[in-house]
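This report introduces a protein chain to a reader who has not met it before. Please look over the sequence and the structure shown here before reading on.

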Amino acid sequence: MDRLDNTIRPYAWGSTTAIAELLGVEPTGEPQAEMWMGAHPGAPSHTGRGTLAEVIAADPERELGAASVAKFGPRLPFLLKLLAAGGPLSLQVHPDLEQAKAGYADEERRGVPADAAHRTYKDANHKPELVCALTDFDGLCGFRDPIRAAELLDALGVDSLKPYVDLLHARPEEAALREVLTAILTADRDEMARTVTEAAAACHRLGKDHAPYADIAHHYPGDPGVIAAMLLNHVRLQPGEALYLGAGVPHAYLNGLGVEIMANSDNVLRCGLTPKHVDVPELLRIVRFEARDPGVLRPEAAPDGEELYDTPTDEFRLSRYVLPAGTTTHDLTLTTPQILLCTAGSVRAGEHELSPGTSVFVPAGEKAEVSGTGTLFRATVVA
(Lines give C-alpha, C1' and ligand atoms only; values in the text may rest on other atoms or scores of the structure.)
Protein backbone atom coordinates (compact mmCIF):
# COMPACT_ATOMS: atom_id res chain seq x y z
CA MET A 1 0.00 0.00 0.00
CA ASP A 2 1.07 3.59 -0.61
CA ARG A 3 1.15 6.41 1.94
CA LEU A 4 -0.53 9.47 0.46
CA ASP A 5 0.75 13.03 0.43
CA ASN A 6 -2.39 15.11 -0.06
CA THR A 7 -3.09 18.66 -1.25
CA ILE A 8 -5.02 21.10 0.95
CA ARG A 9 -7.20 23.51 -1.03
CA PRO A 10 -7.35 27.11 0.36
CA TYR A 11 -10.91 28.08 -0.64
CA ALA A 12 -12.14 31.26 1.04
CA TRP A 13 -14.93 29.51 2.98
CA GLY A 14 -12.48 27.14 4.67
CA SER A 15 -11.72 27.04 8.38
CA THR A 16 -8.36 28.49 9.41
CA THR A 17 -7.93 25.97 12.25
CA ALA A 18 -9.90 22.70 11.84
CA ILE A 19 -7.61 20.73 9.50
CA ALA A 20 -4.47 21.97 11.25
CA GLU A 21 -5.87 20.87 14.62
CA LEU A 22 -6.70 17.41 13.25
CA LEU A 23 -3.20 17.07 11.79
CA GLY A 24 -1.62 18.36 15.00
CA VAL A 25 0.24 21.21 13.30
CA GLU A 26 0.25 24.97 13.65
CA PRO A 27 -2.41 26.81 11.60
CA THR A 28 -1.06 28.83 8.69
CA GLY A 29 -3.50 31.68 9.28
CA GLU A 30 -5.01 31.06 5.84
CA PRO A 31 -8.26 29.19 5.08
CA GLN A 32 -7.80 25.43 4.67
CA ALA A 33 -11.04 24.16 3.16
CA GLU A 34 -10.46 20.67 1.75
CA MET A 35 -7.79 18.00 1.78
CA TRP A 36 -8.13 15.82 -1.33
CA MET A 37 -7.33 12.10 -1.32
CA GLY A 38 -7.50 10.38 -4.67
CA ALA A 39 -6.55 10.69 -8.32
CA HIS A 40 -8.58 13.73 -9.36
CA PRO A 41 -6.56 15.62 -12.03
CA GLY A 42 -7.08 18.90 -10.16
CA ALA A 43 -4.96 17.77 -7.19
CA PRO A 44 -3.97 14.09 -7.27
CA SER A 45 -2.42 12.58 -4.16
CA HIS A 46 1.30 11.83 -4.32
CA THR A 47 2.88 8.46 -3.54
CA GLY A 48 6.42 7.12 -3.59
CA ARG A 49 5.66 5.88 -7.12
CA GLY A 50 4.42 9.20 -8.52
CA THR A 51 0.99 10.80 -8.35
CA LEU A 52 -1.85 8.39 -7.71
CA ALA A 53 -3.26 9.33 -11.12
CA GLU A 54 0.04 8.28 -12.76
CA VAL A 55 0.21 5.06 -10.73
CA ILE A 56 -3.29 4.04 -11.79
CA ALA A 57 -2.78 5.05 -15.43
CA ALA A 58 0.34 2.85 -15.62
CA ASP A 59 -1.60 -0.33 -14.73
CA PRO A 60 -5.32 0.22 -14.10
CA GLU A 61 -6.26 -3.43 -13.58
CA ARG A 62 -3.42 -4.01 -11.13
CA GLU A 63 -4.31 -0.96 -9.03
CA LEU A 64 -8.12 -0.92 -9.35
CA GLY A 65 -9.00 -4.55 -10.03
CA ALA A 66 -10.69 -5.98 -13.11
CA ALA A 67 -14.22 -5.55 -11.74
CA SER A 68 -13.79 -1.83 -11.01
CA VAL A 69 -12.20 -1.17 -14.41
CA ALA A 70 -14.99 -3.05 -16.18
CA LYS A 71 -17.67 -1.04 -14.34
CA PHE A 72 -16.14 2.43 -14.11
CA GLY A 73 -13.26 2.50 -16.56
CA PRO A 74 -9.51 2.88 -15.88
CA ARG A 75 -9.82 5.56 -13.20
CA LEU A 76 -10.52 5.80 -9.49
CA PRO A 77 -14.27 6.57 -9.48
CA PHE A 78 -14.36 8.47 -6.18
CA LEU A 79 -12.67 11.39 -4.45
CA LEU A 80 -12.26 11.37 -0.66
CA LYS A 81 -11.85 14.64 1.26
CA LEU A 82 -11.49 16.19 4.62
CA LEU A 83 -13.85 19.17 4.45
CA ALA A 84 -13.51 22.05 6.93
CA ALA A 85 -16.18 24.72 6.54
CA GLY A 86 -15.55 27.96 8.41
CA GLY A 87 -18.43 29.62 6.55
CA PRO A 88 -21.18 28.65 4.09
CA LEU A 89 -20.37 26.94 0.81
CA SER A 90 -22.40 27.89 -2.25
CA LEU A 91 -26.01 26.73 -2.39
CA GLN A 92 -25.91 24.09 -5.12
CA VAL A 93 -27.32 21.01 -6.85
CA HIS A 94 -25.78 18.25 -8.96
CA PRO A 95 -27.17 16.63 -12.15
CA ASP A 96 -27.94 12.96 -12.55
CA LEU A 97 -25.86 10.86 -14.94
CA GLU A 98 -28.05 11.36 -18.01
CA GLN A 99 -28.33 15.10 -17.41
CA ALA A 100 -24.56 15.35 -17.01
CA LYS A 101 -23.90 13.45 -20.23
CA ALA A 102 -26.38 15.56 -22.19
CA GLY A 103 -25.23 18.86 -20.68
CA TYR A 104 -21.54 18.10 -21.27
CA ALA A 105 -22.17 17.04 -24.88
CA ASP A 106 -24.20 20.20 -25.51
CA GLU A 107 -21.51 22.55 -24.19
CA GLU A 108 -18.83 20.65 -26.09
CA ARG A 109 -20.89 20.95 -29.28
CA ARG A 110 -21.36 24.70 -28.72
CA GLY A 111 -17.64 25.15 -28.14
CA VAL A 112 -17.89 26.53 -24.60
CA PRO A 113 -14.28 26.62 -23.32
CA ALA A 114 -13.59 24.13 -20.52
CA ASP A 115 -12.27 26.90 -18.25
CA ALA A 116 -14.98 29.47 -19.08
CA ALA A 117 -16.61 31.09 -16.04
CA HIS A 118 -20.06 30.38 -17.50
CA ARG A 119 -19.30 26.72 -18.23
CA THR A 120 -21.72 24.48 -16.28
CA TYR A 121 -20.71 20.92 -17.16
CA LYS A 122 -17.03 20.18 -16.61
CA ASP A 123 -17.40 16.47 -17.37
CA ALA A 124 -20.00 13.86 -18.31
CA ASN A 125 -20.40 12.32 -14.85
CA HIS A 126 -22.86 12.72 -12.01
CA LYS A 127 -21.76 13.81 -8.53
CA PRO A 128 -23.57 12.08 -5.70
CA GLU A 129 -21.83 12.78 -2.40
CA LEU A 130 -21.81 11.84 1.26
CA VAL A 131 -20.50 13.90 4.18
CA CYS A 132 -19.85 12.37 7.60
CA ALA A 133 -19.39 14.73 10.56
CA LEU A 134 -16.22 14.61 12.66
CA THR A 135 -17.43 17.60 14.74
CA ASP A 136 -20.83 19.25 15.09
CA PHE A 137 -21.63 20.01 11.46
CA ASP A 138 -24.29 22.38 10.11
CA GLY A 139 -25.81 22.15 6.67
CA LEU A 140 -28.85 22.71 4.48
CA CYS A 141 -30.37 19.73 2.69
CA GLY A 142 -33.50 19.48 0.57
CA PHE A 143 -36.65 21.59 0.54
CA ARG A 144 -38.75 22.16 3.63
CA ASP A 145 -42.49 21.62 3.52
CA PRO A 146 -43.77 24.78 1.75
CA ILE A 147 -46.05 25.68 4.67
CA ARG A 148 -43.12 25.50 7.08
CA ALA A 149 -41.02 27.64 4.73
CA ALA A 150 -43.88 30.15 4.53
CA GLU A 151 -44.04 30.36 8.33
CA LEU A 152 -40.28 30.98 8.53
CA LEU A 153 -40.47 33.79 5.95
CA ASP A 154 -43.66 35.31 7.33
CA ALA A 155 -42.18 35.59 10.84
CA LEU A 156 -39.61 38.06 9.47
CA GLY A 157 -42.27 40.71 8.90
CA VAL A 158 -40.67 41.83 5.62
CA ASP A 159 -43.31 43.20 3.25
CA SER A 160 -41.43 42.29 0.07
CA LEU A 161 -41.47 38.60 1.10
CA LYS A 162 -45.28 38.49 1.42
CA PRO A 163 -45.81 37.39 -2.23
CA TYR A 164 -43.52 34.39 -1.60
CA VAL A 165 -45.44 33.53 1.56
CA ASP A 166 -48.72 33.64 -0.37
CA LEU A 167 -47.36 31.44 -3.17
CA LEU A 168 -46.10 28.85 -0.71
CA HIS A 169 -49.55 28.65 0.87
CA ALA A 170 -51.57 28.71 -2.35
CA ARG A 171 -49.88 26.28 -4.77
CA PRO A 172 -49.32 22.52 -4.82
CA GLU A 173 -45.92 21.64 -3.37
CA GLU A 174 -43.87 21.34 -6.58
CA ALA A 175 -45.36 24.45 -8.18
CA ALA A 176 -44.99 26.48 -4.98
CA LEU A 177 -41.31 25.67 -4.54
CA ARG A 178 -40.54 26.16 -8.25
CA GLU A 179 -42.32 29.52 -8.50
CA VAL A 180 -40.77 30.93 -5.34
CA LEU A 181 -37.20 29.84 -6.14
CA THR A 182 -37.60 31.20 -9.68
CA ALA A 183 -38.87 34.52 -8.32
CA ILE A 184 -35.98 34.79 -5.87
CA LEU A 185 -33.31 34.10 -8.50
CA THR A 186 -34.80 36.35 -11.18
CA ALA A 187 -35.74 39.33 -8.99
CA ASP A 188 -34.15 42.73 -9.52
CA ARG A 189 -30.74 42.50 -7.83
CA ASP A 190 -30.95 45.86 -6.05
CA GLU A 191 -34.45 45.23 -4.75
CA MET A 192 -33.49 41.73 -3.60
CA ALA A 193 -30.39 43.09 -1.84
CA ARG A 194 -32.62 45.44 0.15
CA THR A 195 -34.96 42.56 0.99
CA VAL A 196 -32.05 40.39 2.14
CA THR A 197 -30.68 43.19 4.32
CA GLU A 198 -34.06 43.64 6.01
CA ALA A 199 -34.56 39.88 6.37
CA ALA A 200 -31.07 39.42 7.84
CA ALA A 201 -31.75 42.00 10.54
CA ALA A 202 -34.98 40.21 11.43
CA CYS A 203 -33.20 36.81 11.51
CA HIS A 204 -30.61 38.24 13.88
CA ARG A 205 -33.33 39.68 16.12
CA LEU A 206 -35.46 36.51 16.17
CA GLY A 207 -32.62 34.00 16.64
CA LYS A 208 -33.44 30.29 17.23
CA ASP A 209 -34.68 28.78 13.93
CA HIS A 210 -33.70 31.98 12.11
CA ALA A 211 -30.15 32.15 13.52
CA PRO A 212 -28.46 30.09 10.75
CA TYR A 213 -29.76 32.51 8.11
CA ALA A 214 -28.47 35.54 10.00
CA ASP A 215 -25.02 33.92 9.87
CA ILE A 216 -25.37 33.12 6.16
CA ALA A 217 -26.32 36.75 5.48
CA HIS A 218 -23.27 37.90 7.45
CA HIS A 219 -21.06 35.99 5.00
CA TYR A 220 -23.09 36.88 1.88
CA PRO A 221 -24.79 40.26 2.45
CA GLY A 222 -27.47 41.02 -0.10
CA ASP A 223 -27.19 37.61 -1.83
CA PRO A 224 -30.52 36.14 -3.09
CA GLY A 225 -29.25 32.78 -1.83
CA VAL A 226 -29.98 33.93 1.73
CA ILE A 227 -33.72 33.87 0.99
CA ALA A 228 -33.42 30.69 -1.11
CA ALA A 229 -31.67 29.01 1.83
CA MET A 230 -34.75 29.58 3.98
CA LEU A 231 -36.67 27.21 1.71
CA LEU A 232 -34.36 24.38 2.78
CA ASN A 233 -34.09 22.14 5.82
CA HIS A 234 -31.44 23.15 8.31
CA VAL A 235 -29.72 20.15 9.91
CA ARG A 236 -27.03 19.80 12.56
CA LEU A 237 -25.08 16.55 12.43
CA GLN A 238 -23.48 15.07 15.50
CA PRO A 239 -20.07 13.39 15.09
CA GLY A 240 -20.54 10.11 13.24
CA GLU A 241 -23.78 11.17 11.53
CA ALA A 242 -23.89 11.74 7.78
CA LEU A 243 -25.88 13.25 4.92
CA TYR A 244 -26.24 11.73 1.45
CA LEU A 245 -26.83 14.22 -1.39
CA GLY A 246 -28.30 12.71 -4.53
CA ALA A 247 -29.02 14.38 -7.87
CA GLY A 248 -31.25 17.44 -7.91
CA VAL A 249 -31.25 17.99 -4.13
CA PRO A 250 -30.34 21.60 -3.21
CA HIS A 251 -27.83 21.77 -0.39
CA ALA A 252 -25.04 23.74 1.26
CA TYR A 253 -22.60 23.04 4.06
CA LEU A 254 -22.39 25.83 6.63
CA ASN A 255 -19.87 24.99 9.34
CA GLY A 256 -17.89 22.07 10.71
CA LEU A 257 -15.31 19.37 9.94
CA GLY A 258 -16.23 16.19 8.11
CA VAL A 259 -15.13 13.37 5.86
CA GLU A 260 -16.65 13.78 2.39
CA ILE A 261 -16.74 11.30 -0.46
CA MET A 262 -18.15 11.81 -3.94
CA ALA A 263 -18.17 10.50 -7.45
CA ASN A 264 -15.21 11.91 -9.36
CA SER A 265 -16.92 14.91 -11.00
CA ASP A 266 -16.85 18.72 -10.97
CA ASN A 267 -20.45 19.27 -12.09
CA VAL A 268 -22.07 21.89 -9.84
CA LEU A 269 -25.06 24.15 -10.56
CA ARG A 270 -25.13 27.04 -8.10
CA CYS A 271 -28.26 28.67 -6.67
CA GLY A 272 -26.61 31.42 -4.63
CA LEU A 273 -24.16 32.27 -1.84
CA THR A 274 -21.46 32.69 -4.44
CA PRO A 275 -19.93 35.29 -6.76
CA LYS A 276 -19.70 32.59 -9.45
CA HIS A 277 -21.99 32.07 -12.43
CA VAL A 278 -25.60 31.03 -11.71
CA ASP A 279 -27.27 29.44 -14.75
CA VAL A 280 -30.89 29.95 -13.66
CA PRO A 281 -32.68 28.13 -16.55
CA GLU A 282 -30.44 25.06 -16.30
CA LEU A 283 -30.61 25.09 -12.52
CA LEU A 284 -34.42 25.11 -12.59
CA ARG A 285 -34.34 22.16 -14.99
CA ILE A 286 -32.11 20.11 -12.69
CA VAL A 287 -33.58 20.88 -9.24
CA ARG A 288 -36.09 18.38 -7.87
CA PHE A 289 -38.87 20.47 -6.39
CA GLU A 290 -40.07 18.16 -3.65
CA ALA A 291 -40.12 18.58 0.11
CA ARG A 292 -38.07 15.91 1.85
CA ASP A 293 -36.62 14.93 5.17
CA PRO A 294 -32.85 15.59 5.26
CA GLY A 295 -32.34 11.85 5.82
CA VAL A 296 -29.59 11.83 8.46
CA LEU A 297 -27.59 8.61 8.13
CA ARG A 298 -26.08 6.69 11.02
CA PRO A 299 -23.60 3.88 10.44
CA GLU A 300 -24.96 0.34 10.28
CA ALA A 301 -23.04 -2.51 11.89
CA ALA A 302 -21.36 -4.86 9.42
CA PRO A 303 -19.03 -7.87 10.00
CA ASP A 304 -15.65 -7.52 11.73
CA GLY A 305 -16.39 -4.19 13.40
CA GLU A 306 -17.10 -2.28 10.20
CA GLU A 307 -19.75 0.46 10.37
CA LEU A 308 -21.24 1.18 6.94
CA TYR A 309 -22.86 4.36 5.61
CA ASP A 310 -25.31 2.80 3.20
CA THR A 311 -26.09 4.76 0.00
CA PRO A 312 -27.51 3.85 -3.44
CA THR A 313 -24.29 4.88 -5.20
CA ASP A 314 -21.80 2.35 -6.60
CA GLU A 315 -18.94 4.82 -7.29
CA PHE A 316 -18.19 4.93 -3.58
CA ARG A 317 -18.72 2.99 -0.38
CA LEU A 318 -17.75 4.67 2.91
CA SER A 319 -17.39 2.87 6.22
CA ARG A 320 -15.78 3.43 9.59
CA TYR A 321 -13.83 1.34 12.07
CA VAL A 322 -13.62 2.46 15.70
CA LEU A 323 -10.72 0.38 16.96
CA PRO A 324 -10.61 -0.24 20.72
CA ALA A 325 -7.42 -0.59 22.74
CA GLY A 326 -5.93 -4.05 22.36
CA THR A 327 -4.03 -6.20 19.91
CA THR A 328 -6.85 -7.18 17.56
CA THR A 329 -5.91 -7.07 13.89
CA HIS A 330 -8.57 -6.51 11.23
CA ASP A 331 -8.09 -7.85 7.72
CA LEU A 332 -9.51 -5.21 5.33
CA THR A 333 -8.30 -6.87 2.11
CA LEU A 334 -10.68 -6.33 -0.83
CA THR A 335 -10.72 -7.00 -4.58
CA THR A 336 -11.47 -3.29 -5.10
CA PRO A 337 -9.22 -0.22 -4.52
CA GLN A 338 -9.29 1.43 -1.09
CA ILE A 339 -8.21 4.61 0.65
CA LEU A 340 -7.84 4.31 4.42
CA LEU A 341 -7.97 7.54 6.43
CA CYS A 342 -7.21 7.87 10.14
CA THR A 343 -9.21 10.57 11.94
CA ALA A 344 -8.38 9.79 15.59
CA GLY A 345 -5.82 7.88 17.65
CA SER A 346 -3.00 5.85 16.13
CA VAL A 347 -3.63 3.09 13.57
CA ARG A 348 -1.16 0.78 11.88
CA ALA A 349 -2.03 -0.08 8.27
CA GLY A 350 0.44 -2.57 6.89
CA GLU A 351 3.85 -0.99 7.44
CA HIS A 352 2.43 2.51 7.86
CA GLU A 353 1.68 4.24 11.16
CA LEU A 354 -1.29 6.54 10.65
CA SER A 355 -2.05 9.55 12.83
CA PRO A 356 -5.12 11.79 12.43
CA GLY A 357 -5.39 13.20 8.91
CA THR A 358 -3.02 10.69 7.28
CA SER A 359 -4.06 8.12 4.70
CA VAL A 360 -2.94 5.26 2.46
CA PHE A 361 -4.01 3.87 -0.91
CA VAL A 362 -4.47 0.10 -1.03
CA PRO A 363 -4.48 -1.45 -4.53
CA ALA A 364 -7.13 -4.04 -5.32
CA GLY A 365 -6.27 -7.40 -3.77
CA GLU A 366 -3.38 -6.00 -1.74
CA LYS A 367 -3.15 -7.33 1.83
CA ALA A 368 -4.62 -4.74 4.18
CA GLU A 369 -4.28 -5.50 7.87
CA VAL A 370 -4.96 -2.75 10.40
CA SER A 371 -4.56 -2.53 14.15
CA GLY A 372 -4.20 0.05 16.88
CA THR A 373 -6.52 2.34 18.82
CA GLY A 374 -8.43 4.99 16.93
CA THR A 375 -10.89 5.73 14.14
CA LEU A 376 -10.31 4.67 10.54
CA PHE A 377 -12.49 5.49 7.53
CA ARG A 378 -12.44 3.15 4.55
CA ALA A 379 -13.39 4.37 1.06
CA THR A 380 -13.86 1.90 -1.77
CA VAL A 381 -16.31 1.10 -4.62
CA VAL A 382 -19.15 -1.33 -5.25
CA ALA A 383 -18.04 -3.41 -8.23
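Which residues does Ser-265 touch, not counting residues up to four places away in sequence?

## Ser-265 and its surroundings

The structure is a predicted model. In this model, Ser-265 touches Asp-123, Asn-125, His-126 and Lys-127 once residues up to four places away in sequence are left out of the count. Ser-265 itself is found in a loop, with strand S12 (251-263) on one side and strand S13 (269-272) on the other.

The relative accessible area of Ser-265 is 3%, and buried means under 20%, so this loop residue counts as buried. A further distance helps to place the residue: Pro-113 is 152 residues apart from Ser-265 along the chain, and the C-alpha atoms of the two are separated by 17 Å.

## Thr-343 in strand S18

A second position to examine is Thr-343, which lies in strand S18, a strand formed by residues 338-349. Thr-343 has a relative accessibility of 9% and therefore counts as buried.

Neighbours within four places in sequence aside, the contacts of Thr-343 are with Leu-22, Leu-134, Val-259, Pro-356, Gly-357, Thr-375 and Phe-377.

## The annotated domain

The UniProt record, an unreviewed entry, carries the annotation "domain: Phosphomannose isomerase type I catalytic" for residues 3-144. Over residues 3-144, helix makes up 27% of the chain and strand 25%. The C-alpha atoms at the two ends of this stretch are 43 Å apart.

## The chain as a whole

The secondary structure of the chain comprises 12 helices and 21 strands. With a radius of gyration of 22 Å, close to the 21 Å that the globule rule gives for 383 residues, the chain is as compact as a globular protein of that length. The C-alpha trace spans about 65 × 50 × 40 Å along its principal axes.

Of the 383 residues in the chain, 56% are buried. Among contacts with a separation of 6 or more, 75% are accounted for by residues 24 or more positions apart.

## Surface and charge

What does the accessible surface of the chain come to, and what share of this surface belongs to carbon and sulfur atoms? The accessible surface comes to about 15,700 Å², and 50% of that area belongs to carbon and sulfur atoms.

The chain has 34 positive and 54 negative charges. The mean positions of these two sets of charges are 2 Å apart.

Conventions
Residues numbered from 1 in each chain as written. Predicted model: local features only at pLDDT ≥ 70, side-chain atom pairs only at ≥ 80, totals over all residues. Heavy atoms only, no water. UniProt positions renumbered as here; feature names shortened; annotations may be inferred. Helix = DSSP H or I, 4+ residues; strand = E, 2+ residues; numbered from the N terminus. Buried < 20%, exposed > 50% of the residue type's maximum accessible area, 1.4 Å probe, protein only. Contact = heavy atoms within 4.5 Å. Rg over C-alpha atoms; globule rule 2.2 N^0.38 Å. Areas by Shrake-Rupley, 256 points an atom, 1.4 Å probe, with all protein chains shown as cover. Lys, Arg positive; Asp, Glu negative; His and termini not counted. Charge placed at Lys NZ, Arg CZ, Asp CG, Glu CD.
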